Amino acid sequence: MSDFDRDKWNAKYAAMDAPREPSAVLVALEKHLPRAGRAIEIAGGGGRNSIWLARRGLDVTLTDISPVGLEIARQRAEQASVVIQAVAIDLEQQPLPGGPFDLIVSVCYLCRHLFPQFSSLLADDGRLVVIQPTKRNLQRSDKPPADYLFEEGELRGLAAGLEIVHYEEGWSADDRYDAVLVAKKRAASVV
């Protein structure tokens, strides 16, 4: 499966001009996001969100299965005069790079088994941002397919153990029916 996914995404990135502008939904969450510290973007492809986060002052690690997408991200980061660390990784098979991170961002990538890891990868007061369509999105589009969509309300439950700062579901600025979550890790209590 991972070779198939890698080949599929390499071909897609080689054949298209990957989006350059950050997700409008992510940008709208700006007030909830840190401006300094370490950030990681999960399956960020051509780097549009990672570059935007780096411009905001974050030290960004971009992960993706596609070396072609990551090379596009490296070139665009250089053109934007920012630095991002690009890591080729199969998130279905390999663990995420070690934290702690002040921000974890996942936009349109669904891998449910990663959610239990997020809390341990976040620094105290670190933020998790997830933007992912729900099955209601199928009313307007057959992409992504149903296997890659949340049930309505599901994302809230996957953030167990984190404090939810912002949550909504609805038709978004990116023209998808998205579940949007910003959650934070509570600082450890000093006894």
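Helices here are DSSP runs of at least four residues, numbered from the N terminus. With that in hand, a look at the aromatic rings of this predicted model can start in helix H5, which covers residues 115–121. Phe-115 and Phe-118 both sit in this helix, three residues apart, or about one turn.

How many aromatic pairs turn up in the model? The count comes to three. One of them joins Phe-115 and Phe-118, whose ring centres lie 5.2 Å apart with 70° between the planes, an edge-to-face arrangement. Are these two rings buried or exposed? Phe-115 has a relative accessibility of 8%, so it counts as buried. Phe-118 comes out at 3%, so that residue is buried as well.

Phe-115 also pairs with Phe-150, again edge-to-face, at 6.3 Å centre to centre and with 65° between the planes. This second pair brings together distant parts of the chain: Phe-115 belongs to helix H5, while Phe-150 is found in the loop between strand S5 (122–133) and helix H6 (154–158), 35 residues away. Phe-150 counts as buried too, because its relative accessibility is just 1%, and the cut-off for buried is under 20%. Put together, Phe-115, Phe-118 and Phe-150 make up one aromatic cluster.

A ring can also have a charge for company. What sits over the ring of Trp-171? That spot goes to the charged end of Arg-140, placed 3.7 Å from the ring centre.

Terms used. Residues numbered from 1 in each chain as written. Predicted model: local features only at pLDDT ≥ 70, side-chain atom pairs only at ≥ 80, totals over all residues. Heavy atoms only, no water. Phe/Tyr/Trp six-rings, centres within 6.5 Å; stacked < 30°, edge-to-face > 60°. Helix = DSSP H or I, 4+ residues; strand = E, 2+ residues; numbered from the N terminus. Buried < 20%, exposed > 50% of the residue type's maximum accessible area, 1.4 Å probe, protein only. Lys NZ or Arg CZ within 6 Å of the ring centre and 35° of its normal.
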